[in-house]
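Here are my notes on this entry. Please read them with the model open.

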Amino acid sequence: MTIGDLEEALKIERASFPNPWSYGQFESELKNPVSVALTAKAPFEGDEILAGYIIYWTVHGEAHILNIAVNPLLRRRGVATFLLRESFARMRRNLVFEVFLEVRKSNAPARELYRRFGFREAFERKNYYGDEDAIVMTLVF
Ligand SMILES: CC(C)(COP(=O)(O)OP(=O)(O)OC[C@H]1O[C@@H](n2cnc3c(N)ncnc32)[C@H](O)[C@@H]1OP(=O)(O)O)[C@@H](O)C(=O)NCCC(=O)NCCS
């Protein structure tokens, strides 16, 4: 992901989350040395558009997925699967042994996506989102 992707990323972000990240949050992740921000692009109606993105941190063998979202026009076509596979391959090369993330309790599509990758629901963080609890999911490579 580069600064040039942020306008499109913000559109996906706002269409995807009740509390979307701001431009500044994306920008600071692009400058953060522990952060990895990847995009997937796809052809769409004769153009190339941003299909989705993933942002995670890698610190001492652990990865924390902070954000993943797919363009609503391109969901259920394997974009998130592609982003996760690519991220896991990079994580393994960087000797990551465990991945974790938070997901809203009500986010059935995301919970199902992670479950299919072998993530387990470890514990809850009460009121993590202000209006809802988070489930912490973990995957050990
Ligand atoms: C969750 C999200 C990233 C999935 O992206 P996607 O590209 O549509 O996912 P994929 O096509 O790779 O789906 C892989 C599998 O995940 C599960 N899945 C994805 N969307 C689902 C849905 N709406 N309902 C049930 N299962 C779903 C299915 O098992 C799916 O496999 P299948 O299509 O063969 O049944 C996307 O819905 C999204 O951007 N949501 C809003 C943002 C968000 O919630 N991010 C996660 C924050 S923790």
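1. Half-and-half would be a fair reading of the contact range. Among contacts in the protein chain between residues at least 6 apart in sequence, 50% join residues at least 24 apart. Keep in mind that this is a predicted model.

2. The overall size raises no query. A compact globule of 141 residues would have a radius of gyration near 14 Å, and the protein chain has 15 Å, so the two agree. Along the principal axes, the C-alpha atoms fill a box of roughly 45 × 35 × 30 Å.

3. Burial comes next. Of the 141 residues in the protein chain, 23% are buried.

4. Now the secondary structure. The protein chain has four helices and six strands. Their order along the sequence is α-α-β-β-β-α-β-α-β-β.

5. Which elements supply at least two residues each to the shell around the ligand? They are β3 (62-70), α3 (79-93) and α4 (108-116). The biggest share comes from α4, which gives five residues.

6. The ligand has 18 residues around it. Arg75, Ala80, Thr81, Pro109 and Leu113 are the closest. Please check these five against the displayed model first.

7. What is the make-up of the shell around the ligand, by nonpolar, polar and charged residues? Nine of its residues are nonpolar, four are polar and five are charged. Any figure of the site should show the three classes separately.

Definitions and conventions: Residues are numbered from 1 along each chain as its sequence is written. This is a predicted model: local features need pLDDT of at least 70, side-chain atom pairs count only at pLDDT 80 or more; totals for chains, interfaces and linings use all residues. A residue is near a molecule or strand if its C-beta atom, placed from the backbone, lies within 6 Å of it. Ala, Val, Leu, Ile, Met, Phe, Trp, Tyr, Cys and Pro count as nonpolar, Asp, Glu, Lys and Arg as charged, and the others, Gly among them, as polar. The radius of gyration is taken over C-alpha atoms; the globule rule is 2.2 Å times the number of residues to the power 0.38. A residue is buried if 20 or more other C-beta atoms lie within 10 Å of its own, exposed if 12 or fewer, and partly exposed in between; C-beta atoms are placed from the backbone. Two residues are in contact if their C-beta atoms, placed from the backbone, lie within 7 Å.
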